[in-house]
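Me: I am new to this structure and would like a close look at one part of it. Could you begin with one helix and what packs over it, and then follow the packing into the rest of the fold?

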Amino acid sequence: MNTKAAIAITQVSKVFNNGVVALKDVNLTVNASDFVSLVGASGCGKSTLLRIIAGLIDKSGGEILWADRTLKEQIAFVFQEPALMPWSTVRENVRLPLKLAGVSKKIADTTVDKTLELVGLENFAKAYPRQLSGGMKMRVSIARSIITEPQVLLMDEPFGALDDITRTNLNDELLSLWNKQRPTVLFVTHNIYEAVYLSKRVVVMAARPGRVVADIKIDEPLPRTDEFRTSEVYLKYCREVASALSHTMEESPVKVPRSSFQ
Ligand SMILES: Nc1ncnc2c1ncn2[C@@H]1O[C@H](COP(=O)(O)OP(=O)(O)OP(=O)(O)O)[C@@H](O)[C@H]1O
């Protein structure tokens with residue numbers, strides 16, 4: 001394990017009870033404060049890998065090493081569905097992790113206010129989930145995940161169900177949050193443009209069996225700007241990821257335009 005590594009995944013495999021080999025010999029090292037995206041065809045094991053790292057399911061073989069024991073206890077998981085408590089306000093939803101940790105309401109309230117401000121929901125503290133748009137619900141879900149300032153943030157297609165404009169805005173907000181707290185992020189997405197925009201590295205996976213086939217460094221400073229989103233270098237990286245993905249899906253190659261955007 002190198003000195004900067006937060007998580008070192010070695011030869012990890014997962015065979016489900018029905019015989020499906022979801023992962024085979026996966027090797028991946030994630031450095032502290034890295035922002036790494038996992039992309040790949042449906043069924044290549046992205047979610048399975050994230051769930052194994054989170055300890056939600058067991059691996060069948062291999063090893064996961066953590067930089068230190070406490071790191072493993074400071075993980076937050078963001079799912080595609082915001083999964084909010086419909087009977088509770090935004091404030092109560094976001095406060096939940098602190099409540100479960102036994103933090104007094106008075107102390108928790110200050111942290112909740114700060115976190116709501118970070119995600120731009122300070123004026124919606126008293127709203128109920130049914131009163132919020134899809135993007136706002138996802139902001140609440142993210143606020144609930146980051147309120148404990150986790151060192152590791154595992155995100156499984158959090159913006160997959162959102163429209164493009166909301167997704168673009170949330171991408172920028174996520175990078176701004178990352179810049180403030182600097183967690184180690186593993187981010188699953190199907191969207192090549194999103195992966196390149198957000199990440200320091202894009203890891204491409206292939207299916208049957210699920211494995212890592214490419215690890216592409218996006219060598220541009222984080223957080224990114226609109227200037228990057230409209231640059232030739234951005235498009236070059238998108239093409240590189242698309243090309244690696246295409247090799248995993250010979251029957252349906254992935255196309256990225258050569259000179260225009262999205
Ligand atoms: N609980 C389970 N039991 C049996 N097979 C499973 C189980 N969970 C996942 N699989 C299988 O393991 C493989 C990997 O699934 P996984 O959900 O990790 O892929 P994915 O890359 O996240 O897919 P998607 O992009 O569609 O979400 C798939 O073939 C899936 O059908």
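**From a covered helix to the central strand**

Reply: The buried residues of helix α3 are covered by elements that include α4 (105-118) and α5 (134-146), and this description, like everything below, rests on a predicted model. Within α3, which spans residues 90-100, the buried positions are V90, N93, V94, R95 and L98, so the list holds asparagine and arginine as well as valine and leucine. A general point helps in reading such a list: an α-helix has 3.6 residues a turn, so residues three or four places apart point the same way. Just after α3, G102 adopts a positive phi of about 80 degrees.

One contact list ties these helices together. Leaving aside residues up to four places away in sequence, A143 touches V94, T115, L116, V119 and L121; V94 is among the buried residues of α3. A143 also matters for the wider picture, as the largest nonpolar core has 67 residues, and A143, L186, V196 and V241 are those that touch the most other members. In soluble globular proteins, nonpolar side chains tend to be buried together.

L186 leads from the helices to strand β7, residues 184-188, where 5 of the 5 residues are buried. From this strand T184, L186 and V188 point one way while V185 and F187 point the other way, and every one of them is buried. This follows a general pattern, in which the side chains of a regular strand alternate between the two faces of the sheet.

The neighbours of β7 can be taken in turn. Strand β6 (residues 152-156) pairs with β7 in the parallel sense over 5 bridges, and in this pairing L154 stands opposite L186. The two strands are also part of a right-handed β-α-β unit, with helix α6 (residues 164-181) as its helix. Strand β3 (residues 35-40) is joined to β7 by 4 bridges and runs parallel to it, with L38 opposite V188.

These strands belong to an open sheet of 6 strands, ordered β5-β6-β7-β3-β8-β9, in which the pairing is mixed. Because β5 (75-78) and β9 (211-217) stand at the edges with a single partner strand each, one side of each has no neighbour in the sheet. From one strand to the next, the twist averages 15 degrees.

There is also an open sheet of 3 strands, in the order β2-β1-β4, where the pairing is antiparallel. Its edges are β2 (21-31) and β4 (61-66), each with a single partner strand, so one side of each is left without a neighbour in the sheet. Neighbouring strands here are turned by 10 degrees against each other on average, direction ignored. Strand β1 (residues 5-15) is joined to β2 by 7 bridges, and I9 has L28 in β2 as its bridge partner.

As for annotation, an unreviewed UniProt entry lists residues 7-232 as "domain: ABC transporter". In the model that span is 36% helix and 26% strand, and its end C-alpha atoms lie 32 Å apart.

Methods: Residues numbered from 1 in each chain as written. Predicted model: local features only at pLDDT ≥ 70, side-chain atom pairs only at ≥ 80, totals over all residues. Core = buried A, V, L, I, M, F, W, Y, C linked by C-beta atoms within 7 Å. Buried ≥ 20, exposed ≤ 12 C-beta atoms within 10 Å, placed from the backbone. Contact = placed C-beta atoms within 7 Å. Pairing = 2+ DSSP bridges. Axes fitted to C-alpha atoms, helices over the stretch in contact; angles between N-to-C directions. Right-handed = clockwise from strand over helix to strand, strands pointing away. UniProt positions renumbered as here; feature names shortened; annotations may be inferred.
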